[in-house]
Amino acid sequence: MSAATDGTSTAAGETGAVADERILQTSPLKRLLSRPELGSLVGALAVLVFFAVTADGFLRASSLSTVLYASSTIGIMAVPVALLMIGGEFDLSAGVLVTSSALISSMFSYQMTANTWVGVGVSLLVTLAVGAFNGFMLTRTGLPSFIVTLGTFLMLTGMNLGFTKLIDGTVSTKTVGDMEGFPSAHALFASTLTIGGVGFKVTILWWLGLVALASWILLRTRAGNWIFAVGGNQEAARAVGVPVTRTKIGLYMGVAFGAWISGQHLLFSFDAVQSGEGVGNELIYIIAAVIGGCLITGGYGSAIGSAVGALLFGMTSKGIVFAEWNPDWFKFFLGAMLLLATLLNTWVKKRAEATT
C-alpha cells in the first residue's frame, strides 16, 4: 500500500514538475522576450512617435496611405527574403529579378501581340525557374549563397539590358497600356482602393496576404519546422530526415514568387519598364528582414518582423520628406537602424535562450 502510495506520489510529483516547467516555459515574459520582432516593434513605435511630433501631417490618413504604399513595395519582397534568411541563406539577385519579371511580361506580350495575361503567365514560369535555378545550384555545388546569387545577379543585370536593347532597340520596353487584358491586370497588381475618401494601393493587400501566408507556414506547418531546422543546423536537420534540398529550393522559389508580384506591379503601374531598375534593392529587402528580427546566421526570425522592418523603412523614408529634411540623410538613418536592430535582435535571442 505504501509502495503504491509512494509510486502515486512520485508520479504526481513528476507530473507536477512537468506541469510547472510547462507553465514556466510559456510565461508571458518569456514568450515576449523570445519573439524576434520585439526589437523592431519597439523601434517602429519610436519612429512613429518621433515623426508624429516632428513632421506636420504625418498622421493624416493620406500620409499614412503613402507610408503604407512605400512599405508594401518593400514588404512584398521582405517577407520571402526573411523566410530565406531564416533558412540560413540570402539572395543578392532579388532586386534585379523584380525587373526581369516585369521585362519578360512586357516584352513577351508586346512582341507576340498577345493578351497581357499571357505575358504575366510566362513571366511567372520564368521567374520561378530562376528561383529554382538558384536553389538547385546552391544545393548541388555546395557554394555559398553569396557566390551563387551574385552570379545570378550579374547575369540577370546583363540580360535585362541586353535583351531589352536587342528586342526593343532602347533601354526601356514599349508601352502595353493599350493592349488587351491590361485593365484587368492593372486592377489586380496596381489599382487603388478608396476607403473613406483616401486611396490605398492594392499592393498593401498583397503584402498583408503574404505576411499571413508566411506566418502560417512558419508556425503551423511541417515546412515551417523544416525552415527553422535547416537554418539552425543544416547537417543535424538532414540527419533527422528534413529534406534540406527541397526546402532550400522552395525558399528560393518563394523569393522568385515575391519578385513576380513586385515586377507585375512595376509594369502595370507605369505601362513600361526601364531595364536598369532594381539594382541595389536586394540590400533593402535584406535590411528590412534584419531590422525585423532575422539573423544573418539563420534559424531565427519571423514574417511579422519582416513586415515591421518594411514599415520602419516606409515611415523613415516618407517621414524625412514630410519633415522637410534633406533626403541625403536617409541612408544614414537606415544604416543606424540596421546596426541597432542587429544588436538588439542578438540581445533578445540571447535573453530568450538564457531564460529557456
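1. In this predicted model, the axes of helix 10 (residues 222-232) and helix 12 approach within 10 Å, with a crossing angle of roughly 100°. Helix 10 is therefore roughly perpendicular to helix 12, since angles of 65 to 115 degrees fall in that category. On the helix 10 side the contact is made by W226, I227 and V230, and on the helix 12 side by V244, R246, T247, K248 and L251. Sorted by class, this contact comprises 5 nonpolar, 1 polar and 2 charged residues.

2. A second helix pair is formed by helix 9 (residues 203-220) and helix 14 (residues 303-322), whose axes come within 8 Å and cross at roughly 150°. The two are therefore roughly antiparallel, as angles over 145 degrees are assigned to that category. Helix 9 contributes W207, V211, A214, S215 and L218, which meet A303, I304, A307, A310 and L311 of helix 14. The class composition here is 9 nonpolar residues and 1 polar residue, with no charged residues.

3. Helix 12 also carries H265. Is this histidine buried or exposed? H265 has a relative accessible area of 8% and is therefore buried, the limit for that class being under 20%. Leaving out residues up to four places away in sequence, H265 touches Y69, T73, F189, A190 and T203. One of these partners, F189, is itself listed among the buried residues of helix 8.

4. Helix 8 (residues 182-189) has F182, A185 and F189 as its buried residues. Because they span an arc of only 65° around the axis, they lie on the same side of helix 8. These buried residues pack against helix 6, helix 9 and helix 12.

5. Between helix 8 and strand 1 there is a loop that contains S191. With a relative accessibility of 12%, S191 counts as buried. The C-alpha atom of S191 is separated by 5.6 Å from that of V202, although the two residues are 11 apart along the chain. Setting aside residues up to four places away in sequence, S191 touches H186, F200, K201 and V202.

6. The strands merit a separate remark. Strand 1 (residues 192-195) and strand 2 (residues 198-201) run antiparallel and are joined by 4 bridges. I195 has V198 of strand 2 as its bridge partner. Together the strands form a hairpin, with 2 residues between them. G196, in the turn, has a positive phi of about 65°.

7. Which residues other than glycine have a positive phi? T113 is one of them, with phi near 45°. T113 is found in the loop between helix 5 (94-111) and helix 6 (116-141). T113 has a relative accessible area of 68% and is therefore exposed, a class that requires over 50%.

8. D271 likewise has a positive phi, of about 75°, although it is not a glycine. The loop in which D271 is found runs between helix 12 (244-270) and helix 13 (281-291). At a relative accessible area of 26%, D271 is partly exposed. Both T113 and D271 are thus loop residues, and a reader checking the backbone may wish to view them together.

9. T152, in helix 7 (residues 145-168), is a polar side chain in a buried position. The relative accessible area of T152 is 2%. Outside its neighbours within four places in sequence, T152 is in contact with S93, V130, F133 and N134.

10. Some totals place these points in context. The chain holds 15 helices and 2 strands. Of its 356 residues, 46% are buried. Among contacts between residues at least 6 apart in sequence, 76% join residues at least 24 apart.

Methods
Residues numbered from 1 in each chain as written. Predicted model: local features only at pLDDT ≥ 70, side-chain atom pairs only at ≥ 80, totals over all residues. Heavy atoms only, no water. Axes fitted to C-alpha atoms, helices over the stretch in contact; angles between N-to-C directions. Parallel < 35°, antiparallel > 145°, perpendicular 65-115°, else oblique. Contact = heavy atoms within 4.5 Å. Pairing = 2+ DSSP bridges. Buried < 20%, exposed > 50% of the residue type's maximum accessible area, 1.4 Å probe, protein only. Arc of directions from axis to C-beta.
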